[in-house]
Amino acid sequence: MSWEENVRRVEPYVPGEQPKRKDIIKLNTNECPYPPAPGVTAALERMDPASFRLYPDPDAKMLVHALAESYGLRDEQVFVGVGSDDVLAMIFLTFFQSEKPILFPDITYSFYDVWANLYRIPYEQIPVDEEFRIRFEDYRKENGGIVIANPNAPTGIAVGKKQMKDFIAEHRDVIVVVDEAYVDFGGESCVDLINEFDNLIVVQTFSKSRSMAGMRIGYAMADEKLIRYLLDVKFAMNSYTMNRPTLELGVESVRDEAYFKETTAKIVATRERMKTELEGIGFTCTDSKANFLFAAHEKIPAAVMFERLKEKGIYVRYWNKPRIQNRMRITIGTDEQMDVLVKAMKEIIGEEGSFDAKVSVEWR
Ligand SMILES: *Cc1c(COP(=O)(O)O)cnc(C)c1O
């Protein structure tokens, strides 16, 4: 008998690389290329480190209230955490205790199965169709809960609110989690459905559309009763998840609706322009409603393109996984960054296309 038999072993999630070099064009973790709202910078300059000796508000009231106000909700319907990863992990721990498997798509955010494994939650991955669309009819089976990313990752494909509503209505007896990390780039949010469905949890984040991945803020919106259960688990683990600067800076971000609209609209415009350009040089892309494109090239294998771009200082995301190994997920950066990317891709297509087969075949 050794202590090692008692270890809670788990295969961890592997986040996208965070390079130390500053000259990298970083399009691999769906961060926003624009700075946070100006009020965030101003508040940071005003901040007095003397306050750091005091614990933060365990209820994170100021941030909860700012979010509730901005969505037209009551404070009791909002829960905040250290990025939506923290919020989602807490949701898995709180609500998924059934012997029946929880359900989520086979192609989706690759943290869901990690949390399920960590907490020993049985799960089943429901295949998306050939075009990466979620097959909602395949979820009509006994289950212990459902998790849907909408828009989905890494495909970017969004499902309309009407379809989500019908889906949630079909699964009233289990918790349905809708992860809306990318909803601000053209998706339709389910948040106003939380007043109608007390089994729905909508999760959003400051990391993508609010340019604050480094601050770690995520939140869940749901019926009061669900939020109370989540808070019980949070207070059973760590009372002070949200630090003082984060609370203050988060509030500033929420208050600046105009800046938020402006930056997300810029990303959407760049995405649509990029999609057309990529299609012009031989890529096919999904109809992404997120701040990334999910692209496959007709000639160059994604693994080759990924490595060659990396050599040129451009990082995108690539998974050597069934069904998606010929695709890259490319975060939408500034227009200037995108122009550099397209230029680099054209070079690679020219070079790989000419001395062709040998290099690419072994990657296929
Ligand atoms: C990025 C992402 C998250 C996590 O974001 P946080 O930085 O932890 O808020 C959650 N879900 C999906 C689908 C994501 O892409």
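I count a polar contact as a pair of N or O atoms within 3.5 Å. I need that cut-off for the ligand, which I looked up before anything else. The model is predicted.

**Entry: the ligand and its contacts**

I began with Tyr182. An N or O atom in its side chain is 2.5 Å from an oxygen atom of the ligand. That pair falls within 3.5 Å, so I log a polar contact. I then checked Thr205. Its side chain also has an N or O atom 2.5 Å from a ligand oxygen. Lys208 came next. I find a polar side-chain atom of Lys208 at 3.0 Å from an oxygen atom of the ligand. How much of the ligand does the protein bury? Taken alone, the ligand exposes 380 Å², and the protein buries 93% of that.

**Entry: the shell around the ligand**

I listed the residues that surround the ligand. From the earlier part of the chain I have Gly83, Ser84, Asp85, Leu88 and Tyr109 among them. Further along, the list includes Asp179, Ala181, Tyr182, Thr205, Ser207, Lys208 and Arg216. I sorted the shell by character. It divides into 4 nonpolar, 4 polar and 4 charged residues. Which element gives the most to this shell? I find that helix H3, residues 83-95, does, with 4 residues. I also looked up the pockets. The ligand takes up the space of the largest pocket.

**Entry: the loop between E7 and E8**

I went back to Arg216, one of the residues around the ligand. I place it in the loop between E7 and E8. Its phi is positive, about 60°, although Arg216 is not a glycine. Is Arg216 buried, partly exposed or exposed? Its relative accessibility is 29%, so I call it partly exposed. Ser211 lies in the loop between strand E7 (200-205) and strand E8 (218-222). Phi of Ser211 is near 55°, again positive in a residue other than glycine. I call Ser211 buried because its relative accessibility is 14%, and the cut-off for buried is under 20%. I made a note of the positive values for a reason. Most residues other than glycine have a negative phi.

**Entry: the loop between E5 and H5**

I looked here for cis peptide bonds. Asn150 and Pro151 are joined by one, with omega at about -5°. Pro151 is found in the loop between E5 and H5. I then checked Ala153 and Pro154. A cis peptide bond joins them too, and omega is about 0°. Pro154 is found in the loop between E5 and H5. I flag both bonds for a simple reason. Most peptide bonds are trans.

I stayed with this stretch for Thr155. It sits in the loop between strand E5 (146-149) and helix H5 (161-170). Thr155 has 0% relative accessibility, so I enter it as buried. What does the side chain of Thr155 reach? I find the backbone nitrogen of Ile157, at 3.3 Å.

**Entry: strand E3 and the loop after E4**

I looked up Ile102 in strand E3, residues 102-105. Its relative accessible area is 1%, so I call it buried. I took a distance from here. The C-alpha atoms of Ile102 and Ala89 are separated by 14 Å, with their positions 13 residues apart along the chain.

Ile134 is in the loop between strand E4 (123-126) and E5. I count Ile134 as buried because its relative accessibility is 13%. I paired Ile134 with Thr108, which is 26 residues apart from it along the chain. Their C-alpha atoms are separated by 9.7 Å.

**Entry: toward the end of my list**

I checked Ala302, which is in helix H9, residues 302-311. Ala302 has a relative accessible area of 4%, so it goes down as buried. How far apart are the C-alpha atoms of Ala302 and Tyr182? I have 23 Å, for residues 120 apart along the chain.

I closed with Pro322. It is in the loop between strand E12 (317-318) and strand E13 (328-331). Is Pro322 buried or exposed? Its relative accessible area is 62%, so I call it exposed. I paired Pro322 with Ile107, 215 residues apart along the chain. Their C-alpha atoms are separated by 9.4 Å.

Key:
Residues are numbered from 1 along each chain as its sequence is written. This is a predicted model: local features need pLDDT of at least 70, side-chain atom pairs count only at pLDDT 80 or more; totals for chains, interfaces and linings use all residues. Side-chain values use heavy atoms; hydrogens and water are left out. A residue is near a molecule or strand if one of its heavy atoms lies within 4 Å of it. A polar contact is a pair of N or O atoms within 3.5 Å; within protein, one must be able to donate a hydrogen and the other to accept it, and residues adjacent in sequence count only if both atoms are side-chain atoms. Accessible areas come from the Shrake-Rupley method with a 1.4 Å probe; for residues, only the protein chains shown count as cover. On a 1 Å grid over the protein atoms alone, a cavity is a set of points where a 1.4 Å probe fits but cannot get out, and a pocket is an open set with protein on both sides within 12 Å along at least five of seven lines; lining residues have an atom within 4 Å of a point. A molecule sits in a cavity or pocket if more than half of its atoms lie within 2 Å of its grid points. Helices (H or I, at least four residues) and strands (E, at least two) are DSSP runs, numbered from the N terminus. Ala, Val, Leu, Ile, Met, Phe, Trp, Tyr, Cys and Pro count as nonpolar, Asp, Glu, Lys and Arg as charged, and the others, Gly among them, as polar. Buried means under 20% relative accessible area, exposed over 50%, partly exposed in between (1.4 Å probe, protein chains only).
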